[in-house]
Amino acid sequence: MKKKYLLFLRLFLLLALAACLLKGLEKTHAQEIIPHAASAKLNPLLPGYFADPTIKKFGDIYYIYSTTDNVMLASGAPTVWYSKDFENWYNYTMDVPSFTTIPLVNFWAPDIIEKDGRYYLYFGNCEMGCNIYGYVSDTPVGPWKKLNENDKPVIAHNYPRQGFPSLDAQFFTDTDGKIYGYWGTWVHYNGGYAVGELNPQTMKDMQQSNNIPLVQTPASFEAAYMMKKGNKYILMYSGASCHDETYNVRYAYANTPYGPFTPGANNPILSTNPDKTVHGPGHHSVLQEGDDYYIVYHKHDYPMTRGGLSRQVCIDKMIFENDSTIKAVDPKNTGYINPAKQKIPVNLALNKPATASSAYHLLGQNVNYTYQPTLATDNNNATLWKAASNRFPQDLTIDLGAEKQVKRIFTQFEFPTFYYQYILQYSSDGKNWKVFSDQSANRTPGSPMIDDNDVKARYIKLTVTGTEKQGLYAAVWNLKIYDSLFEIPLSIKNKNSVNGPAVSSKKEMLLNLDVAKASVTKSVTTLQNGGTLGGFFKSIGEVPVQQDELGVKALKFGNGYLTSNQPVPQQLAWNGSYTVATWVKNPEVNKDGECLMSWCNRNAMRLANSYNAMYYNSAGYGAAGHLDYHFDMRFNKLPKANEWHHLVLTFDGMVEKIYVDGVLDNEQSMTLSSAIKQAEFIVGASDEGENYSGFMASLRMYDYALIKADIQKLQQQTKPGK
């Protein structure tokens, strides 16, 4: 894809990309089938996609601050999780003020410091250069106030030297009270991590900052974390690539906070385990409870979402052999006994039978997995029930085996930062149902969603009626049922969303361009749209109608393109499903460019998966472009040049697929965040050029994913020259 449109952030992301490509781009296109940890007890720790965790204990409550993952290149809402018992974690969207001139989008790798009864929150952001910003509050959860009202960073880009990106900052308070910061990412390109002292009077500027030579932290990539053991300073960090199984945790040690550091023994101390049930672990923090240490890190989800940015937070015991030596961590999905020693309420739904209206079967080139209903009762944050389609309503029913007193229900939906609309019902016989809680008009996000009542029931039914974001599925990590009410650690509640519920797919063909039926014989001025959106396409530049050597009438692109006078409809927003089907003939397949169609606003976010476009080229995004090679999809077998091909790109809200002449060529699991505001349908080019240079006989676009049989039928019906 052309790089001229990439902003500052993209330049640095491409550096990380290069490392991935050197390791072999093939790894990211198909996931090896691995066993799934169905017996997990506490790992992952959190029900959702979160990364870069910082764990703290303030008073008797544990807090986890993290990057909200699986949303526009890990650019979800700034949230915190809190718990007393280490099993039931509660999610809260924090009130973090936006910048003065632009909205706050990136909230990456946060850290927090308690000092003199106040809490200082720091996080990375790459919207105005890659900087670390600081906020302050009287509580660990906000509301937060800027440390600098003029949006001046605490640690600026190009500090402590030119070209250095300031991300992934972690702070360490030494026994003498001095606070040190460690930061840096893509350090194998940038000459090592940085270290400096945080000004204790202002808490918003650094002093005496230096680079740590790369040789002192070999095989490093990002995410430095400092701790002290005895008189030794242990600098831990992550190496290799966060996008695949090579990601790992390493360490070095020194006698001073500034080093020099000596690489530690047993490196890497945390990495993908042999059976790959812990895949790509890294970017961690450490919890100390008495003499015990626990490493809190993220790993990839399973089945793994394309690009490796649907990460989940885990915890394992970390053991020191001596003050400067860490044993290799055995990453177990079975977790550990929680250090809080809290009495955990009995979950009546644990391992109980469950049925559902449908369940998604992910059957791909290297994966065969069903998101079955019983995965919502296994108390395992690695597994979830997911409906077979993103249409509503969808329901999940749990059989408690006998009539029980039911006073509280926890529902942990797939995406905690978006709201779900639902109804909970109860029954004694599975036939006659009464309402336990009606949340069909809910607009409050959160996890868990807590519903209280006092009834006797054997069966509990959850019916999901809608979601905040277009294309999200009815999907539940866990549904927990209790016979008593109990303390929630904090009496705080998320704010209602200002967004209305998502618009459902209308199961329509939105666009239909059939050149054979058009009255135009020379150059196109306008072409009627035969799809349900109506309207017409107009030409920008010259788009002639020509016949190829076979006599097929087609549009010839190269010096122009077509745009629609109709706006992109809401059902294509965010994770909305779609199909684009077109007959094309490209005399020469170029390495890049060659955009057949686009329908998103690239400039709205400029983050991965906020942009969708269909291509026909030999590059890594040769079939579908999403602004980042880690998410783009190529052709496995490039369609031959100068031949007519039926190319079909589909997305059902879970899996993106490209078909060539009725045969599946490539596919990938992913979540989109399509930006359609101020977007337009463009045929024959992208929103920034990348013009197609071949023929197009027809094009259709649907607001749902066609299945293979329908695609093959459509291929026969629309074949040029038929």
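## A three-stranded sheet

Strand S19, which covers residues 292–300, runs antiparallel to S20, and eight bridges join the two. Keep in mind as you look around that this is a predicted model. One pair to find in the structure is His298 and Val313: His298 stands opposite Val313, which belongs to S20.

These strands are part of an open sheet of three, ordered S18-S19-S20, with antiparallel pairing. At its edges are strand S18 (282–289) and strand S20 (311–318), each of which pairs on one side only. On average, neighbouring strands of this sheet are turned by 25° against each other, direction ignored. As a general reminder, strands of a sheet pair through backbone hydrogen bonds, in a parallel or an antiparallel way.

## A four-stranded sheet

Now for another open sheet, with four strands in the order S5-S6-S7-S8 and antiparallel pairing. Which strands stand at the edges? They are strand S5 (108–115) and strand S8 (145–146); each has a single partner strand, so one side of each lacks a neighbour in the sheet.

Strand S7, residues 131–137, pairs with S8 over two bridges in the antiparallel sense. Here you can look for Val136, which stands opposite Lys145 in S8.

## Thr444 in its loop

Let's finish with a single residue. Thr444 lies in the loop between strand S29 (434–439) and strand S30 (449–467). Is Thr444 buried or exposed? Its relative accessibility is 9%, so Thr444 counts as buried, the cut-off being under 20%.

Leaving aside residues up to four places away in sequence, Thr444 touches Tyr419, Met449, Lys493, Asn494, Lys495 and Asn496. With Asn496 there is also a polar contact of 2.3 Å, joining the side chains of Thr444 and Asn496.

Terms used:
Residues are numbered from 1 along each chain as its sequence is written. This is a predicted model: local features need pLDDT of at least 70, side-chain atom pairs count only at pLDDT 80 or more; totals for chains, interfaces and linings use all residues. Side-chain values use heavy atoms; hydrogens and water are left out. Two strands pair if DSSP finds at least two bridges between them. Axes are lines fitted to C-alpha atoms, for helices over the stretch in contact, and angles run from 0 to 180 degrees between N-to-C directions. Buried means under 20% relative accessible area, exposed over 50%, partly exposed in between (1.4 Å probe, protein chains only). A polar contact is a pair of N or O atoms within 3.5 Å; within protein, one must be able to donate a hydrogen and the other to accept it, and residues adjacent in sequence count only if both atoms are side-chain atoms. Contact means heavy atoms within 4.5 Å.
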